[in-house]
Amino acid sequence: MDIRNRVALRIREIRKRRGLTQEDLASLIDRSVDAVSNFERGVSLANYETLERLAVGLEIPVADFFAEPEADRERTVLMTRLVDTARALDRDTLEKAVGMIELLGGNRSHGD
């Protein structure tokens, strides 16, 4: 899959996961609905400024647009669920959750 289609797929997947319409996303990034549609269909590739606006609007790092979606689609879905769930936690609960995840991953280098 080429970069244009990879980014297109990721924009569409993340937008849908966030429960946004193309109109919602267009409004968030100050672009037209046609532009969002073109990005999602791979007709045009967003420039860096627009990718940055997309990342802010979708609350993800810019690098996430370049992830290989078919390499581990389930992992991507799980990571998105994890981040979405973590956003709803208060600071103390989030800190405990991070500690638990670090224990599961064998990494206690942060927060000790």
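The exercises below, with worked solutions, concern a predicted model.

**Exercise 1.** Classify arginine 10 as buried, partly exposed or exposed, and describe its salt bridge with glutamate 13.

Solution.
- Step 1: Buried means under 20% relative accessible area.
- Step 2: Arginine 10 has a relative accessibility of 5%, so this residue counts as buried.
- Step 3: The side chains of arginine 10 and glutamate 13 form a salt bridge, with 3.2 Å from N to O.
- Step 4: The two residues are about one helical turn apart, because they are three residues apart in helix H1.

**Exercise 2.** Find where arginine 87 and glutamate 59 lie, given that they form a salt bridge.

Solution.
- Step 1: The closest N and O atoms of arginine 87 and glutamate 59 are 3.2 Å apart.
- Step 2: This pair links distant parts of the chain, with arginine 87 in helix H5 (residues 73-87) and glutamate 59 in the loop between H4 and H5, 28 residues apart.
- Step 3: Partly exposed covers the range between under 20% and over 50%.
- Step 4: Arginine 87, at 39%, is partly exposed, and glutamate 59, at 47%, is also partly exposed.
- Step 5: Both residues belong to a network of salt bridges that links Arg17, Arg18, Glu59, Asp84 and Arg87.

**Exercise 3.** Locate threonine 21 and describe its polar contact.

Solution.
- Step 1: Threonine 21 sits in the loop between H1 and helix H2 (22-29).
- Step 2: With a relative accessible area of 34%, threonine 21 is partly exposed.
- Step 3: The side chain of threonine 21 makes a polar contact of 3.3 Å with that of glutamate 23.

Definitions and conventions
Residues numbered from 1 in each chain as written. Predicted model: local features only at pLDDT ≥ 70, side-chain atom pairs only at ≥ 80, totals over all residues. Heavy atoms only, no water. Helix = DSSP H or I, 4+ residues; strand = E, 2+ residues; numbered from the N terminus. Buried < 20%, exposed > 50% of the residue type's maximum accessible area, 1.4 Å probe, protein only. Polar contact = N/O pair within 3.5 Å; in protein donor to acceptor, adjacent residues only side chain to side chain. Salt bridge = Lys/Arg side-chain N within 4 Å of Asp/Glu carboxyl O.
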